[in-house]
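I sat down with this one to see how a helix and a nearby loop fit into the fold. Here are my notes, in the order I looked things up.

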Amino acid sequence: AGRELNVVVPAKTIRELSRLLQDTSDETVRIAPLKDNQLLFEFGGVTVITRLIDGQFPPYESVIPAPSTTMLTCNRQLLMGAIRRASLMTTPTSQAVVFELAPDSLTISKESAELGSAHEQLPVTYGGQAMTIAFNPEFWLEVLKVLDTDDVVVELTASDKPAVIRLPQFLYIVLPMKLA
């Protein structure tokens, strides 16, 4: 009781726990190690037992970029809408959506020989150098739909470096894609 566990739990188990915990008002979850590399979760009359993944989780702290002073601030809904519209032009072989940054300007675009093109300029606050970065739009849409802020603040360093959304108790990193 009260001791620290350092284990790797399968993603499928975490998704199932998340779903089950939404249906309970019980705030206490009992977690206990079992024999044969298993872990028990108990809450609200539910018991889940999972097999653990062998090994240690990689030291993810070493890949988190240091805070950047170059920030992009944009309305979350506007950004999400522009990315969603550009993503309609992606294909399985060409998924990158392009972000073109200039002082106080962000243009999101995608061109596809098969589907057409999207090109949208957004009002933003940005004081950094002009740069062009390509991203997988799905990674942006995943985070933008769950944030509950009106504006999103993104740390940017360079076109080959990750974009970072850093909030209290929340960190999201979006890796760039190479432009062909």
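**Notes on a helix, its core and a loop**

I began with α2, in what is a predicted model. I listed its buried residues and got R76, L79, M80, G81, A82, I83, A86 and S87.

Next I asked what these buried residues pack against. They meet the strands β4, β5, β6, β7 and β10, along with helix α3.

I checked the geometry too. α2 runs over residues 76-87, and its 12 residues reach 16 Å from first C-alpha to last, close to the 16 Å expected. At the start of the helix, a side-chain oxygen of N75 comes to within 2.9 Å of the backbone nitrogen of Q77.

Then I turned to the largest nonpolar core, which has 32 residues. The members touching the most others are L79, F99, L106, I108, W140 and L156. α2 gives the most to this core, with five residues.

I followed F99 further. Leaving out residues up to four places away in sequence, F99 touches L79 and I83, and its other contacts include L106, I108, M131, F135 and W140.

I also noted a second, separate core of seven residues, with L39, F41, F43 and L52 among them.

Last came N136: buried or exposed? I found N136 buried, because its relative accessible area is 12%, under the 20% cut-off. N136 sits in the loop between β9 and α3. A polar atom of its side chain lies 2.9 Å from the backbone nitrogen of E138. Beyond four places in sequence, N136 touches Q95 and M177.

Technical notes. Residues are numbered from 1 along each chain as its sequence is written. This is a predicted model: local features need pLDDT of at least 70, side-chain atom pairs count only at pLDDT 80 or more; totals for chains, interfaces and linings use all residues. Side-chain values use heavy atoms; hydrogens and water are left out. Helices (H or I, at least four residues) and strands (E, at least two) are DSSP runs, numbered from the N terminus. Buried means under 20% relative accessible area, exposed over 50%, partly exposed in between (1.4 Å probe, protein chains only). A polar contact is a pair of N or O atoms within 3.5 Å; within protein, one must be able to donate a hydrogen and the other to accept it, and residues adjacent in sequence count only if both atoms are side-chain atoms. Contact means heavy atoms within 4.5 Å. The expected span of a helix is 1.5 Å times one less than its number of residues. A nonpolar core is a set of buried Ala, Val, Leu, Ile, Met, Phe, Trp, Tyr and Cys residues joined through side-chain atoms within 4.5 Å.
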